[in-house]
Amino acid sequence: MSSAVEQKPGASRLDAGASEALGARLGDFEAMATLRAEAAKLAASMEMPRQVERPWKYLDVSTLSLDSYAPGIGAQGDEATLGSSPAAASLSQVNSETLSAVTRDPGIAVVDFADADDRQKGVIAKHVGKLVAANKSKFTALHYAFLRGGVLVELAHDVEAKEPVRIVREYRADGQLATPHTLIVAGANSRVHVIEDYRSGEGDIVALPVVEIVPGPGAEVRYTVLHRWGSKTKVFAEQRTITERDSAVISLSLATGGQVVKSHITSSLEGQGSSSELFGLIVGDGREHIDFYTLQDHIGPDTRSDLLFKSALNGESRSVYYGMTRIGLGARNADANQEDRNLLLSKLAKADSDPVLEILTNNIIRAAHGATAGPVDEDQLFYLESRGIPHEKAEDMLVHAFLGQVLDRLPDEALRDELAAALDAKLA
């Protein structure tokens, strides 16, 4: 049975007039104003997604109304904490308003769309809305109609960022519609790791994030996103990469909070020799619903994809993984793998796992998938307990080892420790 998101009644704050007024207040440049206006028209005409659509099979949002949520709310209180880890560049937002932006490497630009110079506006106009289109769903139409706090991360060709780029987005105002947009454009043969940290308080908030990743030929983009939302926040996110020749994207999604976290992640492997690695870590509790739909779309020849998602679920929480690996007619020598593994730590927790392969050519190296869901292994528990380890401690060790398989894929030791601490805090 699918989960349902309840409707919140109220007068609409999300009409075309409100969209136009927000754009005027933010000083939209021409391309952004055009995109905003077109998206507002789409939002007014589109219905909410329905469960007959493949990505929405396990979540019913057909009766969800966003009309009473307020877009474009400015900052409240102090700047969001970035943490002490070193960064090549950093940007901090509160309620979609940028409060600080620092770049320590001249080959890297990290800038709010509203603060972009003329050249950067050209880059934004060229790419924004091209990977994740406004007409993809009513959520994406609303995202572009009320976009505020868009961030461009741009690397020149042959630049290698020695430290990560860090973006912190914190949402404090109750009843707000948050529409963060992240555009990552990496020049040829560049290397960058972007870490994006989403946080919210205990207010009723709806967030519609969009991430567009554009790696140039031979470029490598690592993107790590932390979904650390409050218990009443509902999130409907889109992330898409289109690769060029020999480029690579490595994406890690960590979800430890939120009433609903629904994320669609697409890698369109168009460039010959390009690759995509998607990793996910989910720790659920209470009645949280965390739902990932992925598409690894092999289009060009000699492409490679790998996927590993893991969840540990307590209380009445639920995780959903619905993943598609598609190998097209032109994707000769494709190598693809996807795995989804779930630990059920209570009798009421639930995991739905639905990996799918669609293969249109027989000229491939590999196409594999697998899925499991179940409690902690009793034999492993018995082995630890027979050596004097108490039951709760033994179970805790096994859960951490289970999730650690994903963390071990990270080359950054400091980030591994940071994410492990976030997992520990939730598991505690």
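In the predicted model, N189 touches D158, P217, G218 and A219, residues up to four places away in sequence being left out of the count. N189 is placed in the loop between β10 (181–186) and β11 (191–200). With a relative accessible area of 45%, N189 is partly exposed, since this value falls between the limits of 20% and 50% that bound the class. The contact with D158 joins positions 31 residues apart in sequence, whose C-alpha atoms are 4.9 Å apart in space.

D158 itself belongs to the loop between β7 (151–155) and β8 (165–171). Its relative accessible area is 52%, and D158 is therefore classed as exposed, the threshold for that class being over 50%. The backbone of D158 has a phi near 65°, a positive value in a residue other than glycine. A positive phi, of about 60°, is also found at D246, again a residue that is not a glycine. D246 lies in the loop between β15 (233–242) and β16 (248–257). Its relative accessibility of 44% places D246 in the partly exposed class.

The packing of two helices was examined next. Helix α2 (residues 30–45) and helix α4 (residues 138–145) pack with their axes 7 Å apart and at an angle of about 145°. The crossing of α2 past α4 is left-handed. On the side of α2, the contact is made by L35, R36, A39, A40, L42 and A43, and on the side of α4 by K138, A141, L142, Y144 and A145. Sorted by class, the residues of this contact comprise nine nonpolar and two charged ones, with no polar residue. In general terms, an α-helix has 3.6 residues a turn, so residues three or four places apart point the same way.

Within α2, L35 was considered individually. L35 is found in helix α2 and is buried, its relative accessible area being 14%; this classification follows because the value is under 20%. Apart from neighbours within four places in sequence, L35 is in contact with V128 and Y144. Of these partners, Y144 is also one of the α4 residues that make the contact between the helices. The C-alpha atom of L35 is separated by 7.9 Å from that of G129, which is 94 residues away along the chain.

Helix α4 is largely enclosed by the rest of the structure, because eight of its eight residues are buried. The buried residues are K138, F139, T140, A141, L142, H143, Y144 and A145. They pack against the helices α1 (16–26) and α2 and against the strands β10, β13 (210–215) and β15. One of the buried residues of α4, F139, also takes part in an aromatic cluster together with W56 and F236. The face of W56 is in turn covered by K262, at 4.8 Å from the ring centre. A further lysine, K310, lies over the face of F402, at 4.1 Å from the ring centre.

The structure holds nine aromatic pairs. A pair of aromatic rings is described by the distance of the centres and the angle of the planes. Y58 and Y322 form an edge-to-face pair, with 6.2 Å from centre to centre and 75° between the planes. This pair links distant parts of the chain, given that Y58 is in the loop between α2 and β2 (59–60) and Y322 in strand β21 (residues 318–327), 264 residues apart. Both partners are enclosed to the extent that their accessible areas indicate: Y58 is buried at a relative accessible area of 13%, and Y322 is buried at 10%. A second pair is formed by F309 and Y321, whose ring centres are 5.5 Å apart and whose planes stand at 35°, so the pair is tilted. Here F309 is in strand β20 (residues 304–313) and Y321 in strand β21, twelve residues apart, and the pair likewise links distant parts of the chain. Both F309 and Y321 are buried.

Key
Residues are numbered from 1 along each chain as its sequence is written. This is a predicted model: local features need pLDDT of at least 70, side-chain atom pairs count only at pLDDT 80 or more; totals for chains, interfaces and linings use all residues. Side-chain values use heavy atoms; hydrogens and water are left out. Axes are lines fitted to C-alpha atoms, for helices over the stretch in contact, and angles run from 0 to 180 degrees between N-to-C directions. Helices (H or I, at least four residues) and strands (E, at least two) are DSSP runs, numbered from the N terminus. A crossing is left-handed if the near helix is turned anticlockwise from the far one by less than a right angle, and right-handed if clockwise. Contact means heavy atoms within 4.5 Å. Ala, Val, Leu, Ile, Met, Phe, Trp, Tyr, Cys and Pro count as nonpolar, Asp, Glu, Lys and Arg as charged, and the others, Gly among them, as polar. Rings of Phe, Tyr and Trp (its six-membered ring) pair if their centres lie within 6.5 Å; planes under 30 degrees apart count as stacked, over 60 as edge-to-face and the rest as tilted. Buried means under 20% relative accessible area, exposed over 50%, partly exposed in between (1.4 Å probe, protein chains only). A charge sits over a ring if NZ of Lys or CZ of Arg is within 6 Å of the ring centre and within 35 degrees of the ring normal.
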